[in-house]
Amino acid sequence: MIIGWREWASLPAFGVNAIKAKIDTGARTSAIHAFHLHCWYDSEQQAHVSFRLHPRQRHRAPEVAVTAPVVEWRSVKSSNGKVEKRPVVRTRLKLGPMEQTVLLTLTNRDEMGFRMLIGREALKRRFIVDSALSYGLGEKPRKTPFVDVSTLEGQAP
């Protein structure tokens with residue numbers, strides 16, 4: 001399946017029906033804009049993280065609250081060359097007709113052009129990237145309902 005350098009994606013378990021994502025073959029793992037990160041450990045010493053995200057570029061609303069188990073912590077070198085230790089969560093990613101489980105690193109991408117990057121791990125053996133193509137899987141859905149923040153509190157994907 002051929003995709004463009006940017007595509008509309010959704011994260012159903014997070015209640016995000018549409019988020020503009022940059023396809024980044026230079027990044028190993030996908031990343032999403034997350035803020036107000038709070039990490040804690042349950043009684044079995046499993047790490048969990050709660051965070052908020054803004055799925056719309058250059059907008060502060062809607063704000064979606066998410067809670068998820070931490071799969072691991074990764075040191076990631078960002079585009080500015082700094083290494084940052086980030087929590088990694090697992091969730092479902094929908095790109096066009098394809099839906100799959102992916103790993104996402106959580107970081108503050110507020111100053112970046114895209115709230116989400118989709119990396120090589122999520123693309124391999126599924127997609128071919130055409131850098132001249134934009135939204136090859138289709139335009140944004142007409143209506144994009146977002147889940148109310150209160151409905152996601154305390155739920156893991």
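The following exercises, each with a worked solution, concern a predicted model of a protein chain.

**Exercise 1. Overall composition**

Determine how many helices and strands the protein chain has, and in which pattern they follow one another.

*Solution.* Step 1: counting the elements gives 2 helices and 12 strands. Step 2: reading along the sequence gives the pattern β-β-β-β-β-β-β-β-β-β-β-α-β-α. Step 3: for burial, 43% of the 157 residues count as buried. Step 4: the surface that the chain exposes is about 8,600 Å², and carbon and sulfur atoms supply 49% of it. Step 5: among contacts with a separation of 6 or more, 58% come from residues 24 or more positions apart.

**Exercise 2. The open sheet**

State the strand order of the open sheet of 3 strands and identify its edge strands.

*Solution.* Step 1: the order is β5-β6-β7, with antiparallel pairing. Step 2: β5 (35-41) and β7 each pair on one side only, and they are the edge strands. Step 3: from one strand to the next, the twist averages 15°. Step 4: β5 and β6 run antiparallel and are joined by 5 bridges. Step 5: Y41 stands opposite A47 in β6.

**Exercise 3. Strand β4 and its partners**

Establish whether the residues on the two faces of strand β4 are buried or exposed, and find how β4 pairs with β10 and β11.

*Solution.* Step 1: in a regular strand, side chains alternate between the two faces of the sheet. Step 2: in β4 (residues 30-33), S30 and I32 lie on one side, whereas A31 and H33 lie on the other. Step 3: these residues are all buried, and both faces of the strand are covered. Step 4: the pairing of β4 with β10 is parallel, over 4 bridges, and I32 stands opposite L106 in β10. Step 5: β4 and β11 run antiparallel and are joined by 2 bridges; here A31 stands opposite L117 in β11.

**Exercise 4. The largest nonpolar core**

Identify the residues that touch the most other members of the largest nonpolar core, and the elements that give two or more residues to this core.

*Solution.* Step 1: the core has 29 residues, of which F14, L93, M116 and I118 touch the most other members. Step 2: the elements that contribute two or more residues are β2 (6-11), β3 (16-23), β6 (47-53), β7 (64-69), β9 (83-95), β10 (98-107), β11 (116-118) and α1 (120-123). Step 3: beyond its neighbours within four places in sequence, I118 is in contact with A9, A21, K22, I23, D24, S30, L93, L95 and L123.

**Exercise 5. Two arginines**

Explain why R115 and R86 count as buried, and locate their polar contacts.

*Solution.* Step 1: buried means under 20% relative accessible area. Step 2: R115 is in the loop between β10 and β11, and it counts as buried because its relative accessible area is 4%. Step 3: a polar atom of the R115 side chain lies 3.0 Å from the backbone oxygen of H54. Step 4: R115 is 62 residues from L53 in sequence, while their C-alpha atoms are 8.6 Å apart in space. Step 5: R86 lies in strand β9 and is buried because its relative accessibility is 8%. Step 6: the side chains of R86 and E84 make a polar contact of 2.8 Å. Step 7: leaving aside neighbours within four places in sequence, the contacts of R86 are A31, E72, W73, R74, V76, S78, T105, L106 and T107.

Conventions:
Residues numbered from 1 in each chain as written. Predicted model: local features only at pLDDT ≥ 70, side-chain atom pairs only at ≥ 80, totals over all residues. Heavy atoms only, no water. Core = buried A, V, L, I, M, F, W, Y, C linked by side-chain atoms within 4.5 Å. Buried < 20%, exposed > 50% of the residue type's maximum accessible area, 1.4 Å probe, protein only. Contact = heavy atoms within 4.5 Å. Polar contact = N/O pair within 3.5 Å; in protein donor to acceptor, adjacent residues only side chain to side chain. Pairing = 2+ DSSP bridges. Axes fitted to C-alpha atoms, helices over the stretch in contact; angles between N-to-C directions. Areas by Shrake-Rupley, 256 points an atom, 1.4 Å probe, with all protein chains shown as cover.
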